[in-house]
Amino acid sequence: MSNKPSTLFDKVWDAHVVRSIPDGPDVFFIDRHFIHEVTSPVAFLGIENRGISVLYPQRTFATADHNTPTIHQDQPVKDPLSAKQLAALSSNAEKYGISIWALGSPKNGIVHVVGPENGITLPGMTIVCGDSHTSTHGAFGCIAFGIGTSEVEMVLASQCIMQPKPKKMRIVINGRLGKGVLPKDVALYIISQITASGATGYFCEYAGEVFENMSMEGRMTVCNMSIEMGARGGMIAPDETTFNYVKGRDKAPKGEAWDKALAYWKTLKTDAGATFDKELVFDAADIEPQITYGTNPGLGTGITHSIPKATEVKDGEASYKKSLAYMDFQEGQPLIGKKIDYVFLGSCTNGRIEDFRAFAKVVKGRKKADNITAWLVPGSHIVEAQIKEEGILEILNEAGFQLRQPGCSACLAMNDDKIPAGKYAVSTSNRNFEGRQGPGARTLLASPYVAAAVAVTGVVTDPRELLSEA
Amino acid sequence: MAYDKFTVLRSTAVPMPIENVDTDQIIPARFLKATERKGFGDNLFRDWRYNSDDTPKKDFVLNNPIYSGKILVGGKNFGSGSSREHAAWAIYDYGFRCVVSSFFADIFKGNSLNIGILPVTVSEAFLDKIFKAIEADPKTAVEVNLPEQTITLLATGESEKFDINGYKKHNLMNGYDDIDYLQAMKGDIESFAAASLY
């Protein structure tokens, strides 16, 4: 071991390099591999065509989420193509002895929600999945990132991928978050400051009081959104908050194994004097509830602001105008008061129990606005059960909201949960790309507080006004 | 899956001077339901290319017969968003072998290299030159030379070097893939796994 100060990222990365290829990538060992129905079938076909098997099936975990319906999950899936993909996932898992939480399993849910809540995700791991929001697991001090199907095939075949080591960035935010400001706002604020490609080529560590004081759910939200600023992933050093969250979970180590793991996990932090390729510092006091107005996640602003002029944003003028034209927004237009049609609470970004608590806090004692169609989709059956146990479901029902069943749902609209063309949706998910939530759909990304404020008022509303009344 | 070897490509190019072309535009999620790698080229840029009644949008570059070729030239931050390799498949299946931009999203770049598409990163100034050259003459030829790591506007001879690591370059030039390499070092991987904490 060298005594040179090292970063959290370097410690975890270097512990997983099987071989460094000169003038090439590292052969990088993967501790946990998550698969779902959309990006895995072609990878299984690939190993089959090569006549090879899955090297370590016990290191891969399957869950169905991208393509699943969020109502009537007890009935057969109607879309034949979706049904075929789900069947392929199940048969591949069975064939190779891979653990699967298929549709209908009490453990089923969005891959990035079920991994952590069942203790499959542990500090210091390397985790990949054919899904860019795998960065979520970085909340545990993991190096976790999305991969393509060729790489899914590599992991199945060899438990390794070929990966050039990214550059390192650290984002430090000290101070206290203001009232009504949630972890989602922190993520959207950072992206609005550095653009949707501001961290491309980097792996990011989040540090400072704001992240130290954040819950695991909040840290997952922030790390989840890392890819939206172009970073391959983001990570936060594990601490007591992390250990308390992990301890006792289904697949977390127990007894002596726990003690041994814990001793290692406590070493996983950036040493004083370690250096980064880039460091950014922000002040918590500058962050207000955020909302996006354009067609990439970097086009967002504080909710009380107006839509910037083309000269005030870093995107090129032609691209910016194309973006506003798609949204049917004007430069200089205020966001507050904009009439909205749909509200979506859910996704791997904001489909956890804290997100439902936050939503319920705002809608409690109020009524859903008549012009709003609201889709409230828990991230997993475990989250769904918590919502019921904590009495949140009653609050939601009382206010005129229904709960749907778990899945990725309207975040990417692969199932029937599509926002109609031309309609405006305030969504707690992660992407506002053209057509992301349905062809022609117009998405404004925001936190669960903002989504709730919109859901009860029917227009873009600063949640702080509603929280102050409560 | 095997792909065509890449050495020197001379072709006309298709210009798409738009920034942040994300993978949801390259192939929308509703076309990701296949269980085989077939037919993705038909839905490349689906919602930019076709109206909701499936008629072609006349103003979209792929529907303009004056532009064609095996090289796609995109604006900054090409391929951002989702990790779907289907985006690279769609580009390959449509007939492109090379994508040029001043800046690529990481996952898209890796996916492209893994399936035999060469992503060429050029300076903003050179990207601008390429766009202007195509605008002036849609039939202008571009040469992408992988062994020399150069991209050249053949009409004027203007050229720029591009980066690629030696390992990936060797793979692309020979049509190799990573799994062959990984299979050959299985013993090392097994020893590594045996010592793993998890």
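I will go through the contact between chain A and chain B, and then one residue inside chain A, Ser380(A). Keep in mind that this is a predicted model.

The interface first. Chain A puts 72 residues into the contact, and chain B puts in 53 residues. Together the two chains bury about 5100 Å², and 60% of that comes from carbon and sulfur atoms. On the chain B side, the residues that lose the most area to chain A are Lys33(B), Thr35(B) and Tyr198(B), together 17% of what that side buries.

Now the polar part. There are 28 residue pairs in polar contact between chain B and chain A, with both residues at pLDDT 80 or more. The side of chain B that touches chain A consists of 22 nonpolar, 14 polar and 17 charged residues. Between the two chains I count five salt bridges. In a salt bridge between Arg19(A) and Asp188(B), the N to O distance is 3.0 Å. As for where the chain B side comes from, several helices each supply at least two residues, among them α3 (86-94), α4 (106-115) and α8 (186-194).

On to Ser380(A). This residue is in the loop of chain A between β16 (373-376) and α14 (381-389). Is Ser380(A) buried or exposed? Its relative accessibility is 0%, so Ser380(A) counts as buried.

Leaving out residues up to four places away in sequence, Ser380(A) touches Asn108(A), Gly109(A), Val113(A), Val114(A), Glu117(A) and Pro406(A). With Glu117(A) there is a polar contact, side chain to side chain, at 2.7 Å. Gly346(A) is 34 residues from Ser380(A) in sequence, and their C-alpha atoms are 9.9 Å apart.

Note on methods
Residues numbered from 1 in each chain as written. Chains lettered and ligands numbered in written order. Predicted model: local features only at pLDDT ≥ 70, side-chain atom pairs only at ≥ 80, totals over all residues. Heavy atoms only, no water. Contact = heavy atoms within 4.5 Å. Buried area = accessible area lost by both parts, 1.4 Å probe. Salt bridge = Lys/Arg side-chain N within 4 Å of Asp/Glu carboxyl O. Polar contact = N/O pair within 3.5 Å; in protein donor to acceptor, adjacent residues only side chain to side chain. Helix = DSSP H or I, 4+ residues; strand = E, 2+ residues; numbered from the N terminus. Nonpolar A, V, L, I, M, F, W, Y, C, P; charged D, E, K, R; others polar. Buried < 20%, exposed > 50% of the residue type's maximum accessible area, 1.4 Å probe, protein only.
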